[in-house]
Amino acid sequence: MVNDQASTPPAEVVRLEGVRKGYRTPAGWVDALRGVDLGVARGTIQGVIGFSGSGKSTLVRCLARLEQPDAGRVLVGGDDLAVLDGDALREARRKIGMVFQSYNLLRSATVAENVALPLSLAGASAGEGRKRALEILRWVGLAERADSYPGQLSGGQRQRVAIARGLVARPELLLTDEPTSALDPETTATVLDLLRRVRDELGLTILLVTHEMSSVRALCDRVAVLDAGQVVEEGAARDVLLRPRSAAARRLLSPREAGPAWSPPAGSSAARLSLQFLGPVTGEPLLWEVGHRFGVTVNVLAGEIDRTTATPYGSFVVDVTGSGEALAGAVDHLRGRGVEVSRLEAA
Ligand code: ADP
Ligand code: MG
């Protein structure tokens, strides 16, 4: 037996320590990142969520060293990207693939040429690049579009091409900045499924930047909440979704209910509620149960259940009618079962 601890891959693929980045703008100095600390474990899908302007894209650009942070360490696979340059930086960057919201595909190049681009830039021959491009295009289900041009593809297909390009050089880490924000919900699901396969079948670590809680819910193992350039909350995705501690996470979860957890006032007799279920409770007849037990009427206006992910979830909009006391009992009961309840404005 050899003690080969030295060659054991680090449990963390990414570690950010005290990362700061500011921009000089005509309107003055903007602190985009104000001391970000974050670790990402190998083989996980780490979400980074925050409102527009919270610093998410700056974080991704610093991680890819498309931008030089003003201070802090950016460790990827043990190398500090903040201080490397030249060949060492190019080598370290090879561990990172990137996918952006806007695809960034070359319109005048074919799908296969686009996918092979990172290899051609690294000096691979055209034949070698095409072979590998076709291989990865087959894997994303787009082999038959290899000789099409990006303009001939749908948005979802273009994003799958962009993901193929992000994977072509066999990175360890895939950075994705709002990869689904330009897509409709159905196409979004396809792209999120593909990202899940990237982790499950290729074993990559993924950093998914998004402003959509639904993407975190569908895909992420862990999530960091970015607010005004700082990580204000980080934890297992299900914990943050069910019990958000930061004001930013609460607002991202239920944009219509920025305040503290709502409880029905004593005199009320009807409320329109948004209910979010996560985990095994999704399969239980909870709505029937509260109706029965508290004597309230529950009318489901909209809802969806997704059992395709490791953590099934349900999301419903319901009108609940009954005495104030019964309503309060029903809401408490649902919350006690781990359902996130927030009030919506009645239509
Ligand atoms: P997000 O991706 O979460 O929307 P960004 O990282 O794009 O956030 O932006 C964070 C802050 O930094 C914003 O105030 C934005 O205006 C500013 N910012 C981002 N990039 C630049 C830049 N290249 N030049 C000047 N200001 C920038
Ligand atoms: Mg952004």
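In the predicted model, a salt bridge pairs the side chains of glutamate 233 and arginine 245, with an N to O distance of 3.9 Å. This contact joins distant parts of the chain, the two residues lying 12 residues apart. Glutamate 233 belongs to strand β10 (residues 230–236), whereas arginine 245 sits in the loop between α8 (237–242) and α9 (247–253). The two partners also contrast in their surroundings: glutamate 233 is buried, at 4% relative accessibility, while arginine 245 is exposed, at 57%. Glutamate 233 is classed as buried because its value falls under the 20% limit, and arginine 245 is classed as exposed because its value is over 50%.

A further salt bridge is formed by the side chains of aspartate 319 and arginine 272, at 2.8 Å from N to O. This pair likewise connects distant parts of the chain, 47 residues apart. Both partners are located in strands, aspartate 319 in β13 (residues 313–321) and arginine 272 in β11 (residues 270–278). Elsewhere, salt bridges with shared partners unite Arg132, Glu135 and Arg170 in one network.

The side chains of arginine 199 and aspartate 200 also meet in a salt bridge, with an N to O distance of 2.6 Å. Arginine 199 is buried, its relative accessible area being 17%; this classification follows because the value lies under 20%. In total, the structure contains 19 salt bridges. Such pairing can arise between side chains of opposite charge when their charged atoms come close.

Attention then turned to the ligand site. Ligand 1 is surrounded by 13 residues, the closest of which are Gly53, Gly55, Lys56, Ser57 and Thr58. Backbone atoms supply several polar contacts to the ligand. A backbone N or O atom of glycine 53 is placed 2.7 Å from an oxygen atom of ligand 1. A polar backbone atom of serine 57 lies 2.9 Å from a ligand oxygen atom, and the corresponding distance for a polar backbone atom of glycine 55 is 3.1 Å.

On its own, ligand 1 has 560 Å² of accessible area, of which the protein covers 64%. Two or more residues of the surrounding shell come from each of β1 (12–25), β2 (28–41) and α1 (56–63). Helix α1 makes the greatest contribution, giving 4 residues to the shell. Classified by residue type, the shell around ligand 1 comprises 7 polar, 4 nonpolar and 2 charged residues.

Technical notes
Residues are numbered from 1 along each chain as its sequence is written. Chains are lettered from A and ligands numbered from 1 in the order in which they are written. This is a predicted model: local features need pLDDT of at least 70, side-chain atom pairs count only at pLDDT 80 or more; totals for chains, interfaces and linings use all residues. Side-chain values use heavy atoms; hydrogens and water are left out. A residue is near a molecule or strand if one of its heavy atoms lies within 4 Å of it. A polar contact is a pair of N or O atoms within 3.5 Å; within protein, one must be able to donate a hydrogen and the other to accept it, and residues adjacent in sequence count only if both atoms are side-chain atoms. Accessible areas come from the Shrake-Rupley method with a 1.4 Å probe; for residues, only the protein chains shown count as cover. Ala, Val, Leu, Ile, Met, Phe, Trp, Tyr, Cys and Pro count as nonpolar, Asp, Glu, Lys and Arg as charged, and the others, Gly among them, as polar. A salt bridge is a side-chain nitrogen of Lys or Arg within 4 Å of a carboxyl oxygen of Asp or Glu. Buried means under 20% relative accessible area, exposed over 50%, partly exposed in between (1.4 Å probe, protein chains only).
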